[in-house]
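Q: I am new to this structure. Please take a close look at one part of it, the cysteines and whether they pair, and then show me a little of what lies elsewhere.

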Amino acid sequence: MSYQSSFMQQAIALAREGKDTDGGGAFGAVIVRSGQVIAACHNLVGGSQDPTQHAELRCIQLACKALGTKDLSDCDLYTSCVPCMMCLGAARWARFEHIYYGASADMAKNAGFIYSDMFYARDIKARDQEFNMQQFLGEEAAAVWNE
């Protein structure tokens with residue numbers, strides 16, 4: 001298993017943990033710098049009364065605090081599902097080197113997690129290129145929602 005796969009597996013495991021946690025959510029994220037995990041967490045929207053507590057945003061906050069910077073350009077983000085528009089905006093400002101995601105927006109939609117029409121209207125290849133994103137382990141990541 002490649003190191004990239006192991007970090008994505010960790011994001012998927014966090015999604016599973018979030019799904020099984022009271023107040024959690026079935027999405028996980030991991031931020032890595034030089035092969036080391038800097039931050040890892042799952043979604044907490046369900047129990048926080050805060051719709052911004054997505055795994056990616058929480059992870060960005062933890063990584064910035066741990067590293068003492070808002071510039072994560074030497075880090076990679078691994079997330080169990082393609083980031084929503086809010087999380088993509090935060091990822092842009094954090095300046096990640098790469099973003100790796102598991103489940104696609106269409107997979108999320110099929111599981112009942114609906115993104116905006118504007119998100120679906122965007123060409124996936126162009127979006128992935130603009131944000132330097134790559135999908136892998138999508139089926140495994142989406143399976144968490146049906147367990």
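A: Start with a caution: this is a predicted model. Now to the cysteines. How many disulfides does the structure hold? The structure holds zero disulfides. Take Cys-64. Cys-64 is in no disulfide. The nearest cysteine sulfur to that of Cys-64 belongs to Cys-75, and it is 8.4 Å away. Turn the view around and start from Cys-75. Its closest cysteine sulfur is in Cys-64, and 8.4 Å is too far for a bond. A disulfide needs the two sulfur atoms within 2.5 Å. Are these two cysteines buried or exposed? Cys-64 counts as buried because its relative accessibility is 18%, and the cut-off for buried is under 20%. Cys-75 also counts as buried, at 0% relative accessibility.

Next comes helix H3, residues 55-67, where Leu-57 lies. Leu-57 is buried, with a relative accessible area of 13%. Which residues does Leu-57 touch, leaving aside its neighbours within four places in sequence? Leu-57 is then in contact with Thr-52, Met-86, Cys-87 and Ala-90. For a sense of distance, pick Ala-26. Leu-57 and Ala-26 are 31 residues apart in sequence. In space they are 14 Å apart, C-alpha to C-alpha.

Finish at helix H7, residues 124-130. Asp-128 lies there. Asp-128 is buried, with a relative accessible area of 13%. Leaving aside neighbours within four places in sequence, Asp-128 is in contact with Tyr-101 and Met-133.

How values were computed:
Residues are numbered from 1 along each chain as its sequence is written. This is a predicted model: local features need pLDDT of at least 70, side-chain atom pairs count only at pLDDT 80 or more; totals for chains, interfaces and linings use all residues. Side-chain values use heavy atoms; hydrogens and water are left out. Helices (H or I, at least four residues) and strands (E, at least two) are DSSP runs, numbered from the N terminus. Buried means under 20% relative accessible area, exposed over 50%, partly exposed in between (1.4 Å probe, protein chains only). Contact means heavy atoms within 4.5 Å.
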